[in-house]
Amino acid sequence: MSATVIVGAQWGDEGKGKVIDLLSEKADMIVRYQGGNNAGHTVMIGNEQFIFHLIPSGIIRNKECILGSGVVIDPRSLIEEIHLLRSKGVSITQRNLFVSRDAHIVMPYHKLFEQLSEERKSSRIGTTRKGIGPAYVDKMARVGIKMGDLINGKILKEKLKERLKDVNSLLTRIYGKRGFKLDEILKEYMRYSRFFSDYVSDTSSIINAAIAKGKFVLFEGAQGTMLDVDFGTYPYVTSSHTIAGGACIGTGVGPTKIGKVIGVAKAYTTRVGDGPFPTELSVTKQEAIRMKGKEYGATTGRPRRCGWFDAVAVRYAARINGFDSLAITKLDVLDDLPMIKICTGYLYKNRIIRDFPTGTDEVRALKPVYEELKGWRQDITDIKNYRSLPINAKKYLKRISLLVNTRISIVSVGPRRSQTINVANSVATSATRRSGGRSDE
Ligand code: IMP
């Protein structure tokens, strides 16, 4: 199978963890390409729940797992994750975990700067406070410290000493805080340096070699398209390239090597953190979906904001990422609803628009235009094939497929591996083809 990118089509938390877990059964290698421990990918195996923040979930299947150069790594958090997984019986060694020497590391001052800047802002982003944004800022400002520097204690000391000059003068002069002590950080990070010395390598060459040998490589996106630093609802975004193109940038693999892109979208929409969200339901109406879908952040525990499926946003994601197909997750969460809405356009300045606008002010000002579909009011959590789904559930999926102009290849009806429907040649697929590759909007 060709190299495949799995990417979130909404604002993150689409259920990528489950989709990646399913596909990783056949994969040889799973690669994370951006973000850091702000992500939380949940996988249910039997009755046990695993939440991954940095390590690809494929590690459970003992596949080769890679943290690419585009990832930012908090070494303490990564070590904790490794220990936690090992305590659950997962084997993690230098033979199945490889960390890019070019991945930047999250330092204690990144977390502090993030906290201070969020507290000062009049309109907060609502970040996860893991120091991810400031770590990427240092990377772009060319003052960051990489995993390759970390494992070479001498370089770590030199770079940190230099960086702390600026960091401490900002902290003391601008924020009126105490500065960081070089020795204290070094003492902690030298422990990490020893721990990671066997894991750090030139991962671009490992991944390219695997692709050249015809191995099945999966690229695991974190967050979602609408949180992409360029194409999301800026500035309410994360600081990395969450889109499929990020897989190349964040791993050192050329675009010609990528064979397929699968978008993952929930059957409704959620968002955690601040920022515009056109189809957000009123506070009381969100509750039913939040309770049934257990919509609480896997990293921060914050309640997720909930709303209807936004076909305009997902169609935009299909364009930006070039989806070959869609995986629709959590369809079962809508089981009890008598009526379900899909957003098919937006009302903006007395005009209906069908494309996702780029400016945050525009997104805030628009009103979603909905189409209403009848619910199926039936428990679908045990259904194993597309044909057996209730007719109204099939109508809903078909409508999504048409509006997003993308065929649906996977439908998830519950958290377990077994609660997955592979849609081989669905009605939705042929309907998309019949429309000549265009949506009917
Ligand atoms: P940051 O990535 O911590 O800088 O947070 C920036 C925005 O992205 C905030 O709105 C976060 O809530 C959101 N965010 C970051 N990681 C995730 C994720 O894994 N799922 C959903 N939202 C996320």
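**Exercise 1. The second largest pocket**

Task: In this predicted model, find which strand gives the most to the lining of the second largest pocket, then describe the rest of that lining.

Solution:
- Step 1. Strand β3 contributes most, with four residues in the lining of the second largest pocket.
- Step 2. Look for other contributors. At least two lining residues each come from α1 (16–23), β3 (41–45), β4 (48–52) and α10 (283–293).
- Step 3. Take the volume. The second largest pocket has about 740 Å³.
- Step 4. Go to the centre. The lining has 29 residues, and T42, Q49, G293, K330 and P415 are the closest to the centre of this pocket.
- Step 5. Sort the lining by class. It has 12 polar, 10 charged and seven nonpolar residues.

**Exercise 2. The hairpin of β3 and β4**

Task: In which sense do β3 and β4 pair, and over how many bridges? Which residue of the hairpin takes a positive phi?

Solution:
- Step 1. Check the sense. The pairing of β3 with β4 is antiparallel, over five bridges.
- Step 2. Pick a facing pair. F52 in β4 stands opposite H41.
- Step 3. Inspect the turn. Two residues lie between the strands of this hairpin, and G46 has a positive phi near 60 degrees.

**Exercise 3. The open sheet**

Task: What is the strand order of the 10-strand open sheet, and which strands are at its edges?

Solution:
- Step 1. Write the order. The sheet runs β9-β7-β5-β2-β10-β1-β11-β15-β19-β20, with mixed pairing.
- Step 2. Name the edges. β9 (200–201) and β20 (420–422) are the edge strands, and each pairs on one side only.
- Step 3. Add the helix. α8 (residues 203–212) packs on the sheet and touches β1 (3–8), β2 (29–32), β5 (64–67), β7 (97–100), β9 and β10 (217–220). The direction of α8 makes about 135 degrees with that of β10.
- Step 4. Look at the β20 edge. Strand β19 (residues 408–412) runs antiparallel to β20, and three bridges join them. Across this pair, T420 in β20 stands opposite S412.

**Exercise 4. The cavity**

Task: How many cavities of 30 Å³ or more does the structure hold, and which residues line the largest cavity?

Solution:
- Step 1. Count. There is one cavity of 30 Å³ or more.
- Step 2. Take the volume. The largest cavity holds about 40 Å³ of space.
- Step 3. List the lining. The residues are F231, G232, T233, Y316, F356, P357, T358, G359, T360 and V363.
- Step 4. Sort them. Five are nonpolar, five are polar and none is charged.

**Exercise 5. D138 and H110**

Task: Is D138 buried or exposed? Is H110 buried or exposed? What does each touch?

Solution:
- Step 1. Place the residues. D138 is in helix α4 (residues 132–140), and H110 is in helix α3 (residues 108–120).
- Step 2. Apply the cut-off. Buried means under 20% relative accessible area.
- Step 3. Judge D138. Its relative accessibility is 5%, so D138 counts as buried.
- Step 4. Judge H110. With a relative accessible area of 3%, H110 is buried.
- Step 5. Read the contacts, leaving out residues up to four places away in sequence. D138 touches Y109, H110, V143, G144 and R163. H110 touches I105, G131, P134, A135 and D138.

**Exercise 6. Unusual backbone, and one long pair**

Task: Where is the cis peptide bond at P235 placed? Are K294 and N350 buried or exposed? How many residues apart are K161 and S69 in sequence?

Solution:
- Step 1. Start with P235. The peptide bond from Y234 to P235 is cis, and omega is near 10 degrees. P235 is in the loop between β10 and α9 (246–249).
- Step 2. Take K294. This residue is not a glycine, yet phi is positive at about 50 degrees. K294 lies in the loop between α10 and β13 (305–307).
- Step 3. Take N350. Phi is positive here too, near 65 degrees, and N350 is not a glycine. N350 lies in the loop between β16 (339–348) and β17 (351–353).
- Step 4. Apply the cut-off. Exposed means over 50% relative accessible area. K294 has 65%, so K294 is exposed. N350 has 78%, so N350 is exposed.
- Step 5. Finish with K161. K161 is in helix α6 (residues 153–174) and is exposed, with a relative accessible area of 52%. K161 and S69 are 92 residues apart in sequence. In space they are 23 Å apart, C-alpha to C-alpha.

Methods. Residues numbered from 1 in each chain as written. Predicted model: local features only at pLDDT ≥ 70, side-chain atom pairs only at ≥ 80, totals over all residues. Heavy atoms only, no water. 1 Å grid on protein atoms, 1.4 Å probe; cavity = no way out; pocket = protein on both sides within 12 Å on 5 of 7 lines; lining within 4 Å. Points joined across faces, edges and corners; volume = space filled by probe spheres on them. Nonpolar A, V, L, I, M, F, W, Y, C, P; charged D, E, K, R; others polar. Pairing = 2+ DSSP bridges. Contact = heavy atoms within 4.5 Å. Axes fitted to C-alpha atoms, helices over the stretch in contact; angles between N-to-C directions. Buried < 20%, exposed > 50% of the residue type's maximum accessible area, 1.4 Å probe, protein only.
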